[in-house]
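Visitor: I'd like a close look at one part of this model, and then a walk outward from there. Take your time with it.

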Amino acid sequence: MTENQANGAQTIVEYLTSVPAWYLATSEDGQPHVRPFSFAALDAGRIWFATATTKDVYRELAANPRFELTAWKPGHGWIILRGAADLTDCASAPTRHAAWKHLESLGETYDGPDDARLTLFSFTEGEAWLCDIDGSWTPIAL
């Protein structure tokens, strides 16, 4: 990973964790599905998101890994990230613990950070931009 890519990944995580929620879109049978997410972490040069293997979003990403996410921060434009989900959960123990604590704070219930239902995923083929109301799309290196 180059320094620009590391800085880009850090920029994305800082942006996503600075807003209460951001939105991840999947597609199933041509129908888009959008839902709020709020956990993002940088671990070993990869950006990680958390969900449960029991949720529709996990099933949808397993069937069609293409996704897009966006978040808007007043005064800072909005971010767009698209890629293909990599559902191989190999995040570190501290990142799993952080995801578990975060999701439990939202009211989800797991039997600890090693609960098989809790899963973290990353992505490949990522592209990202910081967008502004003036129509500019500034690429973020990944």
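Visitor: Which residues of H1 are buried?

Guide: Keep in mind that this is a predicted model. In H1, the buried residues are Gly-8, Ala-9, Ile-12, Val-13, Tyr-15 and Leu-16. Their directions from the axis cover an arc of only 165°, which puts them on the same side of H1. The general helix geometry helps here: an α-helix has 3.6 residues a turn, so residues three or four places apart point the same way. As for the length of the helix, H1 runs over residues 3-17, and at 1.5 Å a residue its 15 residues should span 21 Å. The C-alpha atoms at its ends are 21 Å apart, which agrees.

Stay with Tyr-15 for a moment, since it is one of those buried residues. The charged end of Lys-73 sits over the Tyr-15 ring, 5.9 Å from the ring's centre. Rings also meet other rings here, with 8 aromatic pairs in the structure. Ring pairs join Trp-22, Phe-37, Phe-49, Phe-67, Phe-121 and Phe-123 into a cluster.

Thr-17 sits within the residue range of H1, and it makes a handy place to step off. Thr-17 and Pro-65 are 48 residues apart in sequence, and their C-alpha atoms are 23 Å apart in space. Pro-65 belongs to the loop between H2 and S5, and at 30% relative accessibility it counts as partly exposed.

That brings us to H2, where you can ask about burial again. The buried residues there include Val-57, Glu-60 and Leu-61. They cover an arc of only 95° around the axis, which puts them on the same side of H2. On the face turned away from that buried side, H2 carries the exposed residues Ala-62 and Ala-63.

Next, the strands and a couple of backbone oddities. S3 (residues 40-43) and S4 (residues 46-52) pair in the antiparallel sense, over 4 bridges. Within that pairing, Leu-42 stands opposite Ile-47 of S4. The hairpin has 2 residues between its strands, and Ala-44 takes a positive phi there, near 55°. As background, most residues other than glycine have a negative phi. Ala-44 is exposed, with a relative accessible area of 76%. Asp-29 also has a positive phi, near 55°, and it too is a residue other than glycine. You'll find Asp-29 in the loop between strand S1 (22-28) and strand S2 (31-37), and at 81% relative accessibility it counts as exposed.

Now for the charged side chains. The count comes to 10 salt bridges, and a few of them are worth tracing. Glu-108 and Lys-55 meet in one, at 2.8 Å from N to O. That pair links distant parts of the chain, 53 residues apart: Glu-108 is in the loop between helix H3 (93-105) and strand S7 (118-131), while Lys-55 is in the loop between S4 and helix H2 (56-63). How exposed are the two ends? Glu-108 counts as partly exposed at 21% relative accessibility, and Lys-55 is partly exposed too, with a relative accessible area of 31%.

Another salt bridge joins Glu-68 to Arg-82, with the closest N and O atoms 2.7 Å apart. Glu-68 lies in strand S5 (residues 66-72) and Arg-82 in strand S6 (residues 78-86), so the pair ties together parts that are 14 residues apart in sequence. Glu-68 has a relative accessible area of 31%, which makes it partly exposed, and Arg-82, at 26% relative accessibility, counts as partly exposed.

Then there is Asp-89 with Arg-96, where the closest N and O atoms are 2.5 Å apart. Asp-89 is partly exposed, with a relative accessible area of 30%, whereas Arg-96 counts as buried at 11% relative accessibility. The cut-off for buried is under 20%, so Arg-96, at 11%, falls on the buried side. Finally, salt bridges that share partners join Glu-28, Asp-56 and Arg-59 into one network.

Key:
Residues numbered from 1 in each chain as written. Predicted model: local features only at pLDDT ≥ 70, side-chain atom pairs only at ≥ 80, totals over all residues. Heavy atoms only, no water. Expected span 1.5 Å × (residues − 1). Buried < 20%, exposed > 50% of the residue type's maximum accessible area, 1.4 Å probe, protein only. Arc of directions from axis to C-beta. Phe/Tyr/Trp six-rings, centres within 6.5 Å; stacked < 30°, edge-to-face > 60°. Lys NZ or Arg CZ within 6 Å of the ring centre and 35° of its normal. Pairing = 2+ DSSP bridges. Salt bridge = Lys/Arg side-chain N within 4 Å of Asp/Glu carboxyl O.
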